[in-house]
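User: Could you take me on a close look at the part around the ligand, and then show me how the surroundings are put together?

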Amino acid sequence: MSVLLPASRAEVLAILAGHPEAVPIAGGTDLLVHWPAQVERHDRAYVDLSGVADLGPLRWTDDALVLGARTTYWDVIQDRRAAIEFPLLVAAAREVGAVQIQARGTWAGNIVNASPAADGVPALMAYGAVVVLQSLAGTDEVSLDRFYTGYKQMRRRPDQLVTAIRVPRAARDVQAFEKVGTRRAQAIAKVGLAVTRESGTWRVVAWSVAPTVRRCPAVERLLADGMPIGGPWDLLPAIDQDVTPIDDVRSTAEYRRHTLARVLHHTLRDHWGRA
Ligand SMILES: Cc1cc2nc3c(=O)[nH]c(=O)nc-3n(C[C@H](O)[C@H](O)[C@H](O)COP(=O)(O)OP(=O)(O)OC[C@H]3O[C@@H](n4cnc5c(N)ncnc54)[C@H](O)[C@@H]3O)c2cc1C
């Protein structure tokens with residue numbers, strides 16, 4: 001195994017262009033847990049991003065919050081404006097592992113690790129975040145809700161580094177984030193729901209109920225139509241169009257399906273008197 005320590009963004013991009021098999025490493029909180037198993041699979045070149053200063057900080061522009069490749073959950077938790085403008089990001093950050101993981105783990109790592117149970121991705125997706133990918137060939141931007149193409153599959157070439165995640169600033173009159181786990185902390189989601197509404201447009205994002213974190217277009221249409229919702233059961237036909245939960249060690253498909261309907265119903269009722 002080798003670890004490369006570039007000092008600039010240009011150096012990282014040059015390494016990835018010359019060695020597409022090289023693996024970027026940010027906080028290492030996803031990569032390192034797998035190392036003790038299948039040691040030979042991890043005998044590769046790693047590109048450590050920790051020495052590249054300009055990939056780190058989060059910044060505010062007139063129309064967006066921009067997270068860097070090395071921006072951690074803790075960076076967002078500590079940012080007072082984030083708590084006001086993007087409470088779902090702070091809620092998601094506080095759900096990730098414990099404080100040690102929040103201090104090391106990055107938003108970019110959460111996106112590229114592509115777990116269907118990732119907690120950072122859904123909050124970003126509910127805000128319409130855009131993934132900025134850079135390589136020596138240029139810069140691409142992909143809306144996060146179009147980024148994943150299947151389980152652990154995404155619109156990122158091996159020579160591309162996620163250099164930023166742009167989260168658009170906007171007035172939102174609905175913002176909710178609910179994670180259902182075995183316990184209050186240090187749990188992987190059995191089911192999750194993030195919801196926003198912006199100028200009448202709903203974004204409903206579900207996780208741990210499909211091969212990827214995903215938006216729920218049928219549920220979004222139902223909410224936009226403004227039909228009365230009598231109970232969780234009224235949401236099930238739309239939910240069944242949007243998600244494909246499975247049985248696994250954490251839960252069953254049926255539990256996930258019904259819990260998603262209940263959590264969505266409660267969220268609509270409790271926060272906005274809808275349903
Ligand atoms: C104890 C523990 C608890 C956890 N709890 C949770 C939890 O509750 N919720 C949750 O969502 N996750 C959890 N995680 C998983 C992990 O912490 C997060 O997914 C974290 O965001 C990963 O970020 P990282 O910087 O550590 O990624 P890394 O491990 O450094 O990298 C992860 C992947 O992203 C790639 N990558 C990293 N940065 C870039 C980049 N800029 N461009 C391209 N590719 C990149 C890497 O090559 C790798 O494939 C937990 C992990 C541990 C060990």
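Analyst: Let's begin with a single contact: a polar backbone atom of Pro24 sits 2.6 Å from an oxygen atom of the ligand. A polar contact here is a pair of N or O atoms within 3.5 Å; within protein, one must be able to donate a hydrogen and the other to accept it, and residues adjacent in sequence count only if both atoms are side-chain atoms. A backbone N or O atom of Ala26 is 2.8 Å from an oxygen atom of the ligand, and for Gly97 a backbone N or O atom is found at 3.0 Å from an oxygen atom of the ligand. On its own the ligand has 990 Å² of accessible area, and the protein covers 86% of this (Shrake-Rupley method, 1.4 Å probe; for residues, only the protein chains shown count as cover).

A word on the source: this is a predicted model, where local features need pLDDT of at least 70 and side-chain atom pairs count only at pLDDT 80 or more, while totals for chains, interfaces and linings use all residues. Residues are numbered from 1 along each chain as its sequence is written, and side-chain values use heavy atoms, leaving out hydrogens and water.

Now widen the view. The ligand is surrounded by 31 residues, with Pro24, Thr29, Asp30, Tyr73 and Thr106 the closest; a residue is near a molecule or strand if one of its heavy atoms lies within 4 Å of it. By type, the shell has 17 nonpolar, 9 polar and 5 charged residues (nonpolar: Ala, Val, Leu, Ile, Met, Phe, Trp, Tyr, Cys and Pro; charged: Asp, Glu, Lys and Arg; polar: the others, Gly among them). Helix H6 gives the largest share of the shell, 5 residues. Helices (H or I, at least four residues) and strands (E, at least two) are DSSP runs, numbered from the N terminus.

Another element to follow is strand E10. This strand belongs to an open sheet of 5 strands, ordered E4-E5-E10-E6-E7 with antiparallel pairing; two strands pair if DSSP finds at least two bridges between them. At the edges are strand E4 (59–60) and strand E7 (138–143), each pairing on one side only. Inside the sheet, E10 and strand E6 (residues 130–135) are antiparallel partners joined over 5 bridges. One residue pair to find is Val130 with its bridge partner in E10, Arg166. Finally, helix H1 (residues 9–18) lies across E6 and E10, at about 120° to E10. Contact means heavy atoms within 4.5 Å, and axes are lines fitted to C-alpha atoms, for helices over the stretch in contact, with angles from 0 to 180 degrees between N-to-C directions.
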